[in-house]
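Biologist: Please take a close look at one strand and its partners. Then show me how the rest of the chain fits around that part.

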Amino acid sequence: MEGRYVSVFIPGEGKQLALAEVQVFGKPAENQALGKEATQSSDFLYYTYSYAKNAVDGSRANSDHSVCSGTNGQDYPWWKVDLLEDYNVTTVTITSRGDCCEHLLINAEIHISSSPEISTYSKDSLCVVMEDGIPRGATNTYVCPDMSGRYLAVLIRGLGGYVFLCEVEVTGVPAVIPTPTPAPTTPTIPPPSPPPPLTLLVSGRTVVLVREHLSWYDALLHCRSLYRDLASLRSPEEQLEVGEALLLRGAHTAHVWLGLRRRMLSSVWYWMNGEEMDHSSWEGGRPRYHEIPGTSACGAAANMVQFLWSDRHCKEQLNFLCYTDDDPDYSPVQFTITYART
Ligand SMILES: [Ca+2]
C-alpha cells in the first residue's frame, strides 16, 4: 500500500479512540517519472530555454524558467512524460515556478492515458483539474485513484496559455496486464481403444491377432517390439488352422498382414522371420502384380477359411498376425523403411 496519510478510526457513534503511539515503517514511493522522456507543445525561450526535461530532472528548484519546463504562449499548450510502460498511478506531485506565474496553472488538467495522442485525451483520461492552480513555488500532490496509463500530461484547454512546471513526480506500480484466459476447450473424446488381441496356440507357437489398423511396416514394428515377429505360415495345415480360428473369432479387416514381403525389384517373396518359404497359398495361384516389380510388395491373408494370400499396398491399414515362440534359430530379416510412414 502507498499513501501519504495513515488514519485509525472506529466506525459508529459514541466511540472513543485512544492511541499511546503510532509508528509507521516504509520508504517514500519511487518517482516513476524521474529521467523519463518528456515533451511539450513548444519550448519557451527567454535568454535560456525551458526544456520539457527540466520537469523530470529530480530537482524541485523553482527559481526561474531556466530550471523549469515551459511552453511558449499558445493555444492548448501541453507537457507530457512517457513512463515507458503502463502504470497504476497513485499520486502526481507538481512543483510550480517560484518567481512568478502562479495564475498560469489555474484550470490546468492532469491526464493519464495509454495513448500518446494529446488530442484523444478526454474525461476518461482526466485525473484532476487544478482549479486553483498552484501557489508560487509550492508543491501540490494530486491523487489519481484507479487510473493507469503510460503517458501523463498536463494541459490547458484555452487560448494563449503557458504550461510551466518545475518538477513533476509520479508514484505508482506497473500495471498488471491481465493474461487472456484460454478459451474453454471441449473435452476431447479419446478414440475407442481397439479390441484386445486374440491369442491362438498353433503348432507349438502362439499366434496373436492384433485388431489394430496399421500399415504393414508399423505392424512389423509392433510385432517385433511386443512379440517376436509378423507371423509366417509354415504349412498348409497351419494355414488352415489359423484361418478357421480367425473366421470363428473375427478379424476386423478383410485381410490381415503376414510377415510376407517381396524383394524389391523382383518377384521373390520371403518371410520376415527368416524361415524358408516351402509352400505358398496365393489367391488365384500367384501374386496379383507379380509382373510389376515394386508394386504391392507386402503380403496379407484373406480373412476367410482358406486364408489365401494376396499382395497388397504396404500402406493399407489392416489387422495383423504376430507370433511368439522360443525358436533358438530365429534369424529375422532386417528391414529399413524407405517411404514416409503414415
Ligand atoms: Ca526540475
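Modeller: Start with one pair: E109 stands opposite L155 in strand 8. This is a predicted model, so local features need pLDDT of at least 70, side-chain atom pairs count only at pLDDT 80 or more, and totals for chains, interfaces and linings use all residues. Residues are numbered from 1 along each chain, as its sequence is written.

Strand 8 covers residues 139–155. Strands (E, at least two residues) and helices (H or I, at least four) are DSSP runs, numbered from the N terminus. Strand 6, residues 108–113, runs antiparallel to strand 8, and 5 bridges join them. Two strands pair if DSSP finds at least two bridges between them. Strand 5 is also antiparallel to strand 8, and their pairing spans 13 bridges. Here Y87 has G149 in strand 8 as its bridge partner.

Now follow strand 5 itself. L84 lies in this strand. Its phi is near 75°, a positive value in a residue other than glycine. Is L84 buried or exposed? A residue is buried if 20 or more other C-beta atoms lie within 10 Å of its own, exposed if 12 or fewer, and partly exposed in between, with C-beta atoms placed from the backbone. L84 has 12 C-beta neighbours inside 10 Å, so it counts as exposed.

Step back to the loop between strand 4 (69–70) and strand 5 (78–95), where Y76 sits. Y76 is not a glycine either, yet its phi is positive, about 50°. Y76 is partly exposed because 16 other C-beta atoms lie within 10 Å.

Next, the domains. The assignment, which is automatic or from a database, gives domain 1 (37–174) and domain 2 (198–324). Their C-alpha centres lie 86 Å apart.

Go to T199, in strand 11 (residues 198–202). T199 has 13 C-beta neighbours inside 10 Å, so it is partly exposed. Leaving out residues up to four places away in sequence, T199 touches T206 and V208. Contact means that two C-beta atoms, placed from the backbone, lie within 7 Å. L321 is 122 residues from T199 along the chain, but their C-alpha atoms are separated by 9.6 Å.

Then comes helix 1, residues 216–226, where W216, Y217, A219, L220 and C223 are buried. These buried residues fall within an arc of 160° seen down the axis, so they line one face of the helix. That arc is taken from the directions from the helix axis to the C-beta atoms. An α-helix has 3.6 residues a turn, so residues three or four places apart point the same way. The face turned away from the buried side carries the exposed residues S225 and L226. The buried residues pack against several strands, including strand 12 (205–214), strand 14 (255–262) and strand 18 (318–324).

Finish with the whole chain. It holds 2 helices and 18 strands. Of its 342 residues, 33% count as buried. Its C-alpha atoms fill a box of roughly 115 × 60 × 35 Å along the principal axes. The radius of gyration is 44 Å, whereas a compact globule of 342 residues would have one near 20 Å. That radius is taken over C-alpha atoms, and the globule rule is 2.2 Å times the number of residues to the power 0.38. Among contacts between residues at least 6 apart in sequence, 75% join residues at least 24 apart.
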